[in-house]
Amino acid sequence: MSIIAEVPGFLQVLSNGLVKRFEPEISPASDESSGHGYKSKDVMIDSKKPISGRVFLPETPGSTSRLPVLVYFHGGGFCIGSTTWLGYHTFLGDLAVASQIIVLSVDYRLAPENRLPMAYDDCYSSLEWLGEQAISEPWLQRADISRVFLSGDSAGGNIAHNVAVKVIQGRAQFHVKIRGLLLIHPYFGSEERTEKEKAGEGTGEVAMNDLFWNLSLPEGSNRDYSGCNFEMAAISQAEWGRFPAVVVFVAGFDFLKERGLMYAGFLEKKRVEVKLVEAEDQSHVYHVYHPKSEATNLLQKQMSEFIHSL
């Protein structure tokens, strides 16, 4: 039995179709005080699929005020990652405190076993669950579902965009109001290479990006699939007029910075309210690898300012 695809230290796809994932350090949820100002709880969003999540609740003794809700989608090329990873747990718990928000972090089904658009559908379902559970779930009693924000890093940023598209194009009554998107180092692509991708074709980051897209795109699709190439999505100007405000975070040393800049420029042409923020001396998803760093603290502050400005 041979390995046909591999992300060293994280993922192996075997010739018989078996997928092996190697998880980094994880953190359990705790409904008791963490000592850091928040509590966390695992929830089941849909047991049949399954889709699960983790809720982070800031500790605010004596306060009954409503709190905005941030729905977060982890990165990992659609193939790896989990809200249980220590980096995500720490970052999102601290973000809940710094921003005084409730965070719902979603564990969607992963590729290649569940190719796109499965992740988009799962994460859209998490919004439906949020709207339904806001009344009955004790941890969501203070949730202001008229002030919901979508966020994610890398592939999770891609998911946030595509879920927002599903929301603005949906005809069904929706119980939550999406106020804004916060995309961190978003993962997009296209069949046409950027200049930076052409320079590195076949090696390093380009090869890794191609690997993740090959494992996650729908069978028979290429990188001009609308989930990958945002320019290919059939969205009317009227629908763009309903698209939420967006902040795009890029990192100076991130190979995906180029794609993030292109995305922000594309939204601007569509007359979407968009803001671009760069961490000049940082690398891809630094907030997950270094959740207690000064750069991550600044990112959390910038996210908080965006949320409370809307």
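Start by selecting helix α5 together with strands β1 and β2: α5 lies across both strands and runs at about 120° to β1. As you look around, keep in mind that this is a predicted model.

**Stop 1: the sheet under α5**

Add β3 to your selection. Three strands now form an open sheet, ordered β1-β2-β3, with antiparallel pairing. Which strands stand at the edges? They are β1 (3–7) and β3 (19–21); each has a single partner strand, so one side of each is left without a neighbour in the sheet. From one strand to the next, the twist averages 10°.

Now walk along the first pairing. β1 and β2 are joined in the antiparallel sense over four bridges, and V7 stands opposite L11 in β2. Follow the chain round the turn: the two strands β1 and β2 make a hairpin with three residues between them, and G9 in that turn has a positive phi of about 85°.

Move on to the second pairing. Strand β2 (residues 11–14) runs antiparallel to β3, with three bridges joining them. Select V13 and you will find V19 of β3 opposite; select Q12 and its bridge partner in β3 is K20. This hairpin of β2 and β3 has four residues between the strands, and here G17 takes a positive phi near 95°.

Before leaving, show the side chains of β2. L11 and V13 point one way, while Q12 and L14 point the other way. Are these residues buried or exposed? All of them are buried.

**Stop 2: R223 and its partners**

Side chains of opposite charge can pair when their charged atoms come close. There are 14 salt bridges in this structure, and R223 is a good one to click on next. R223 forms a salt bridge with E191, with 3.8 Å between the closest N and O atoms. That pair links distant parts of the chain: R223 sits in the loop between α5 (204–216) and α6 (237–240), and E191 in the loop between β9 (178–184) and α4 (195–199), 32 residues apart. R223 counts as buried because its relative accessibility is 14%, whereas E191, at 34%, counts as partly exposed.

Keep R223 selected and add D210. These two also form a salt bridge, their closest N and O atoms being 3.7 Å apart. Here too distant parts of the chain are linked, since D210 is in helix α5, 13 residues from R223 in its loop between α5 and α6. Both R223 and D210 are buried. To see the whole group, select E191, R193, D210 and R223, which are joined into one network by salt bridges that share partners.

**Stop 3: a pair within α4**

Next, pick E195 and K198. Their salt bridge has its closest N and O atoms 3.6 Å apart. Both residues lie in helix α4, three residues apart, or about one turn of the helix. E195 counts as exposed at 57% relative accessibility, while K198 counts as partly exposed at 43%.

**Stop 4: R109**

Finish at R109, in the loop between β7 (102–107) and α2 (118–133). R109 is buried, with a relative accessible area of 16%. Which side chain makes a polar contact with that of R109? It is the side chain of D122, at 2.8 Å. Leaving aside neighbours within four places in sequence, show what else surrounds R109: its contacts are K49, P50, N114, M118, A119 and D122.

How values were computed:
Residues are numbered from 1 along each chain as its sequence is written. This is a predicted model: local features need pLDDT of at least 70, side-chain atom pairs count only at pLDDT 80 or more; totals for chains, interfaces and linings use all residues. Side-chain values use heavy atoms; hydrogens and water are left out. A salt bridge is a side-chain nitrogen of Lys or Arg within 4 Å of a carboxyl oxygen of Asp or Glu. Buried means under 20% relative accessible area, exposed over 50%, partly exposed in between (1.4 Å probe, protein chains only). Two strands pair if DSSP finds at least two bridges between them. Axes are lines fitted to C-alpha atoms, for helices over the stretch in contact, and angles run from 0 to 180 degrees between N-to-C directions. Contact means heavy atoms within 4.5 Å. A polar contact is a pair of N or O atoms within 3.5 Å; within protein, one must be able to donate a hydrogen and the other to accept it, and residues adjacent in sequence count only if both atoms are side-chain atoms.
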